[in-house]
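Colleague: I would like to go through this structure with you slowly, and to ask how each label is earned. Could you show it to me before we begin?

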Amino acid sequence: MGSFANERSMLTYVIGASVLFIIGVFGTAYLPFYDDQMQTPNQNAELRNYAIDSAEYRGREVYIREGCHVCHTMFVRPVLADSALGPISQPADYYYEAPAMLGSKRTGADLMWVGNRWNADWHREHLKNPQKILPGSIMPRYDYLSEQDMEDLIAYLMSLKPSPQTEGRPVN
């Protein structure tokens, strides 16, 4: 009789855990579809809605292909450490991005607004030889990219700027 009582008490825990899991999935996956901020593009999203035949679009494809998103994040967090990076990222900033490459590890710099921080010549030199530009950098060289891929990637990186309406948004 004792083992049956233990099984019943475990059933309560399993049912409770299942209910909590379902609530979590509902809140995480379903409710955002009803959040207007996530379902309406903002000015930053409009700037990143690249035409399929544009250099920026092709550069984003190079960025994905080369795995840049593995080491670089693309979101500014509302924390003091990110205060110099630019405006805090909003869900609507990523409206047209598929896949959205937020990243989860900052081995390299955050690139959300990198177009504001450096010019095209700096990006070109940095991509060809990161250690020359930033001694001690662990970023690999991308000097093997074709000239077209290099220019498209630079066009994409230079396009990563906040809209004029966003630039005045509080940093923290």
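Colleague: Why is Tyr95 called partly exposed, rather than buried or exposed?

Modeller: Please keep in mind throughout that this is a predicted model. Tyr95 has a relative accessible area of 36%, and because buried means under 20% and exposed means over 50%, a value in between is called partly exposed. Tyr96 is judged in the same manner, and at 32% relative accessibility Tyr96 counts as partly exposed too.

Colleague: What makes Tyr95 and Tyr96 an aromatic pair, and which kind of pair do they form?

Modeller: The ring centres of Tyr95 and Tyr96 are 4.9 Å apart, and rings pair if their centres lie within 6.5 Å, so the distance condition is met. The planes of the two rings stand at 90 degrees, and since planes over 60 degrees apart count as edge-to-face, that is the word used for this pair. A search of the whole structure finds five aromatic pairs, and, turning to rings that join up, Tyr50, Tyr63 and Tyr156 form one aromatic cluster.

Colleague: How do you know that Glu66 and Arg65 form a salt bridge?

Modeller: The closest N and O atoms of Glu66 and Arg65 are 3.0 Å apart, and the cut-off asks for a side-chain nitrogen of Lys or Arg within 4 Å of a carboxyl oxygen of Asp or Glu, so the pair qualifies. As background, side chains of opposite charge can pair when their charged atoms come close. Glu66 is buried, with a relative accessible area of 19%, because that value falls under the 20% limit, while Arg65 is partly exposed at 48%, a value that stays between 20% and 50%.

Colleague: How buried or exposed are the two partners in the salt bridge of Asp82 and Arg77?

Modeller: Asp82 is buried, with a relative accessible area of 1%, whereas Arg77 has 33% relative accessibility and therefore counts as partly exposed. Their side chains meet in a salt bridge with an N to O distance of 3.0 Å.

Colleague: Why does the pair of Glu125 and Lys132 count as a salt bridge?

Modeller: The closest N and O atoms of Glu125 and Lys132 are 4.0 Å apart, and because the rule accepts atoms within 4 Å, this pair is listed as a salt bridge. Lys132 is exposed, since its relative accessible area is 59% and the limit for that word is over 50%, and Glu125, at 34%, counts as partly exposed. Elsewhere, salt bridges that share partners join Arg77, Asp82, Arg106 and Asp110 into one network. The search of the whole structure finds twelve salt bridges.

Colleague: What makes helix α4 roughly perpendicular to helix α8?

Modeller: Helix α4 (residues 55-65) and helix α8 (residues 147-159) pack at an angle of about 100 degrees, with their axes 7 Å apart. Because angles from 65 to 115 degrees count as roughly perpendicular, that is how α4 lies to α8. Among the residues that meet are Tyr63 and Arg65 in α4, and Tyr156 and Leu157 in α8. The residues of this contact divide into seven nonpolar, three polar and six charged.

Colleague: Where is Pro99 placed, and what joins Ala98 to Pro99?

Modeller: Pro99 is in the loop between α5 (68-71) and α6 (120-128), and a cis peptide bond, with omega at about 0 degrees, joins Ala98 and Pro99. Ala100 is also placed in the loop between α5 and α6, and Ala100 is partly exposed, with a relative accessible area of 42%. Leaving aside residues up to four places away in sequence, Ala100 touches Arg60 and Tyr94.

Colleague: Why is Ser104 called exposed?

Modeller: Ser104 has a relative accessible area of 76%, and because exposed means over 50%, the label follows. Ser104 is found in the loop between α5 and α6, and Ser104 and Met74, although 30 residues apart in sequence, are 9.1 Å apart in space, C-alpha to C-alpha.

Colleague: What makes Leu20 an exposed residue?

Modeller: Leu20, which is placed in helix α1 (residues 2-30), has a relative accessible area of 60%, and that value is over the 50% limit, so Leu20 is called exposed.

How values were computed
Residues are numbered from 1 along each chain as its sequence is written. This is a predicted model: local features need pLDDT of at least 70, side-chain atom pairs count only at pLDDT 80 or more; totals for chains, interfaces and linings use all residues. Side-chain values use heavy atoms; hydrogens and water are left out. Buried means under 20% relative accessible area, exposed over 50%, partly exposed in between (1.4 Å probe, protein chains only). Axes are lines fitted to C-alpha atoms, for helices over the stretch in contact, and angles run from 0 to 180 degrees between N-to-C directions. Helices (H or I, at least four residues) and strands (E, at least two) are DSSP runs, numbered from the N terminus. Angles under 35 degrees count as roughly parallel, over 145 as roughly antiparallel, 65 to 115 as roughly perpendicular and the rest as oblique. Contact means heavy atoms within 4.5 Å. Ala, Val, Leu, Ile, Met, Phe, Trp, Tyr, Cys and Pro count as nonpolar, Asp, Glu, Lys and Arg as charged, and the others, Gly among them, as polar. Rings of Phe, Tyr and Trp (its six-membered ring) pair if their centres lie within 6.5 Å; planes under 30 degrees apart count as stacked, over 60 as edge-to-face and the rest as tilted.
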